[in-house]
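Here is a colleague's note to read beside the model, written as numbered points. Please keep the structure open and look up each residue as it comes.

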Amino acid sequence: MSPLLQTLFPKLNSLSKRQKLMFRLLLLSISPVFSACTSTKIYPRISCHICLSQQDGILLLPLNWQESFRQLSIAEQNRLEKMIVEILHEKGFTNVALYDQMDYELLNAGIKDVNDPVQRANINLELGIPYLLGLSLGELAWSGNWERTDPSDFNSPSHWENDTHIKSFLRVALMETATGNIISDYAIETTISEFPIPIGDGETLDLNFGSLFKAVSISTRKGIKNIVKDCGC
């Protein structure tokens, strides 16, 4: 048994060799069943009232425009943007672009500020892109209890004991460039909970194999697919 696992989970020290072997096997097999500890709820704010064609242009606004997304690294933001484009391509949308990759085309059309109604309308008039896709991140947190291996010694190693969960609250909205109207708007809440692993004698170790990025990526994937379904005809 690795020293790291023994430090993180002191209960392992009291296990028999057979129990430790079973614990290793459980760790190896945990991934296929881990999804049972993940739940996602989708809350409608504005239900889609248009028919989105697969030939319609969609411009994805940069995630880092939203300060809330700066809780994630630049690499993680890039992975999310790439995932969004890939999902839309998989759904048959052929005219999907990242705002940051269209700097030349946007500037050439005189578009510097998408909040300006005239400039925003020109995204459709000049570039033939009728929709903007924007995401904003609300609550993103990891909560639980840290316990020390020796409560009387402040310098003793700490470990994640129980009651852990990761929560992400994401908003996904589709906007018309011509009018600035939001035509589809949903909030997606994802929670990743701890996973109880039996270690014998009726005891369990409650582990959480999630991450903040995983919670956001699940919300993003389900949010984008929901927008496509919502606006389908």
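1. One convention comes before anything else: helices and strands here are DSSP runs, numbered from the N terminus, with at least four residues for a helix and at least two for a strand. The label H3 in what follows is to be read in that way, and please keep in mind throughout that this is a predicted model. Just after H3, Gly92 takes a positive phi of about 95 degrees, and this is a good place to begin looking at the backbone.

2. Helix H3 itself covers residues 74–90, which makes 17 residues, and from its first C-alpha to its last it reaches 24 Å, close to the 24 Å expected at 1.5 Å a residue. Its buried residues are Gln77, Leu80, Glu81, Met83, Ile84, Val85, Ile87 and Leu88. When you study such a list, it helps to remember that an α-helix has 3.6 residues a turn, so residues three or four places apart point the same way.

3. For the overall plan, the protein chain has six helices and eight strands, and from the N terminus on these elements run α-α-β-β-α-β-α-α-β-β-β-β-β-α. Of the 233 residues in the protein chain, buried residues make up 42%.

4. Helix H5 spans residues 117–125, and its buried residues are Gln119, Arg120, Ala121, Asn122 and Ile123. At the start of H5, a side-chain oxygen of Asp116 comes to within 3.1 Å of the backbone nitrogen of Val118, a detail you can find by zooming in on that end of the helix.

5. How many disulfides does a search of the whole structure find? There is one, and it joins Cys48 to Cys231, with 2.1 Å from S to S. Cys48 lies in the loop between strand S1 (38–46) and strand S2 (58–60), while Cys231 lies in the segment after H6, so the pair ties together parts that are 183 residues apart in sequence. The link of Cys48 and Cys231 is right-handed, with 110 degrees about the S-S bond, and both of these cysteines are buried. A further cysteine, Cys37, also counts as buried, because its relative accessibility is 12% and the cut-off for that word is under 20%.

6. The largest pocket has a volume of about 390 Å³. Its lining consists of 16 residues, of which Leu61, Gln66, Gly134, Leu135 and Met175 lie nearest the centre of the pocket. Strand S4 (131–148) and strand S5 (158–176) each supply at least two residues of this lining, and the largest share, five residues, comes from S4. By type, the lining of the largest pocket divides into ten nonpolar, four polar and two charged residues.

7. The structure also holds one cavity of 30 Å³ or more, and about 30 Å³ of space lies in this largest cavity. The residues that line the largest cavity are Ile58, Leu88, Leu133, Leu174, Ile224, Ile227 and Val228; Leu88 has already appeared among the buried residues of H3. Helix H6 (residues 212–230) gives the largest share of the cavity lining, three residues. What types of residue form the lining of the largest cavity? They divide into seven nonpolar, no polar and no charged.

8. Three residues in strands deserve a look of their own. Leu137 is found in strand S4 and counts as buried, because its relative accessibility is 7%; its C-alpha is 9.5 Å from that of Ala187, although the two residues are 50 apart in sequence. Glu189 is found in strand S6 (residues 182–193), and at 15% relative accessibility Glu189 counts as buried too. The side chain of Glu189 makes a polar contact with the side chain of Tyr43, at 3.0 Å.

9. His165, the third of these residues, is found in strand S5. Is His165 buried or partly exposed? With a relative accessible area of 27%, His165 is partly exposed. The C-alpha atoms of His165 and Thr38 are separated by 9.6 Å, and these two residues are 127 residues apart along the chain.

Key: Residues numbered from 1 in each chain as written. Predicted model: local features only at pLDDT ≥ 70, side-chain atom pairs only at ≥ 80, totals over all residues. Heavy atoms only, no water. Expected span 1.5 Å × (residues − 1). Buried < 20%, exposed > 50% of the residue type's maximum accessible area, 1.4 Å probe, protein only. Polar contact = N/O pair within 3.5 Å; in protein donor to acceptor, adjacent residues only side chain to side chain. 1 Å grid on protein atoms, 1.4 Å probe; cavity = no way out; pocket = protein on both sides within 12 Å on 5 of 7 lines; lining within 4 Å. Points joined across faces, edges and corners; volume = space filled by probe spheres on them. Nonpolar A, V, L, I, M, F, W, Y, C, P; charged D, E, K, R; others polar. Disulfide = S-S within 2.5 Å.
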